[in-house]
Amino acid sequence: VYFRHDANTTVMVILNGNEENKTLSTAPFANELSPFTKGVDILTYQPITNLQQITLKARTPYVIELKK
């Protein structure tokens, strides 16, 4: 997991290299996520409504644009 940001946008990049689905607790990233409450996966345009735990499909990348 890593974050990239500029003056207007913050994205969270997640790579699940596992052979099975995983649930990611984002508690270790609380400082980076603190102003945000939701996001959109910009690869699939799927909304992410719960940033506290994110369900990750096996062998899948995620690029989540964070929203307030």
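Three strands each supply at least two residues to the lining of the largest pocket: β5 (46–48), β6 (53–56) and β7 (60–67). The model is predicted. The space in this pocket comes to about 220 Å³. A general point helps here. Rolling a probe the size of a water molecule over the atoms shows where empty space is left.

Now look at the wall itself. Among the lining residues are Gln-46 and Ile-48, and β5 spans 46–48. Gln-53, Ile-54 and Thr-55 also line the pocket, within the 53–56 run of β6. Thr-60, Pro-61 and Tyr-62 are on the list too, and β7 covers 60–67. The lining further includes Asp-41, Leu-43, Thr-44 and Lys-57. By class, the lining has five nonpolar, five polar and two charged residues.

Next, follow β7 through its pairings. Strand β2 (residues 10–16) runs antiparallel to β7, and six bridges join them. Leu-15 has Pro-61 of β7 as its bridge partner. Pro-61 is also one of the pocket-lining residues.

Strand β4 (residues 38–41) is antiparallel to β7 as well, with four bridges. Lys-38 is bridged to Lys-67 in β7. Val-40 stands opposite Glu-65 in β7.

β4 has another partner. Three bridges join β4 to β5, and these strands run antiparallel. Here Val-40 stands opposite Pro-47. β4 and β5 form a hairpin, with four residues between them. In the turn, Tyr-45 has a positive phi of about 65 degrees. Two residues between these strands, Leu-43 and Thr-44, line the pocket.

What are the two faces of β4? Gly-39 and Asp-41 make up the covered face, while Lys-38 and Val-40 make up the uncovered one. In a regular strand the side chains alternate between the two faces of the sheet. Asp-41, from the covered face, is also in the pocket lining.

Last comes the interior. The largest nonpolar core has 14 residues. Met-12, Ile-14, Leu-33, Leu-51, Ile-54, Ile-64 and Leu-66 touch the most other members. β2, β6 and β7 are the elements that give two or more residues to this core. β7 gives the most, with three residues.

Which residues does Ile-14 contact, leaving aside its neighbours within four places in sequence? They are Val-1, Leu-24, Ile-54, Leu-56, Thr-60, Pro-61, Tyr-62 and Ile-64. Of these contacts, Ile-54, Thr-60, Pro-61 and Tyr-62 are also part of the pocket lining. Ile-54 thus belongs to the core and lines the pocket.

Technical notes. Residues are numbered from 1 along each chain as its sequence is written. This is a predicted model: local features need pLDDT of at least 70, side-chain atom pairs count only at pLDDT 80 or more; totals for chains, interfaces and linings use all residues. Side-chain values use heavy atoms; hydrogens and water are left out. On a 1 Å grid over the protein atoms alone, a cavity is a set of points where a 1.4 Å probe fits but cannot get out, and a pocket is an open set with protein on both sides within 12 Å along at least five of seven lines; lining residues have an atom within 4 Å of a point. Grid points are joined across faces, edges and corners, and a volume is the space filled by probe spheres set on the points. Ala, Val, Leu, Ile, Met, Phe, Trp, Tyr, Cys and Pro count as nonpolar, Asp, Glu, Lys and Arg as charged, and the others, Gly among them, as polar. Two strands pair if DSSP finds at least two bridges between them. A nonpolar core is a set of buried Ala, Val, Leu, Ile, Met, Phe, Trp, Tyr and Cys residues joined through side-chain atoms within 4.5 Å. Buried means under 20% relative accessible area, exposed over 50%, partly exposed in between (1.4 Å probe, protein chains only). Contact means heavy atoms within 4.5 Å.
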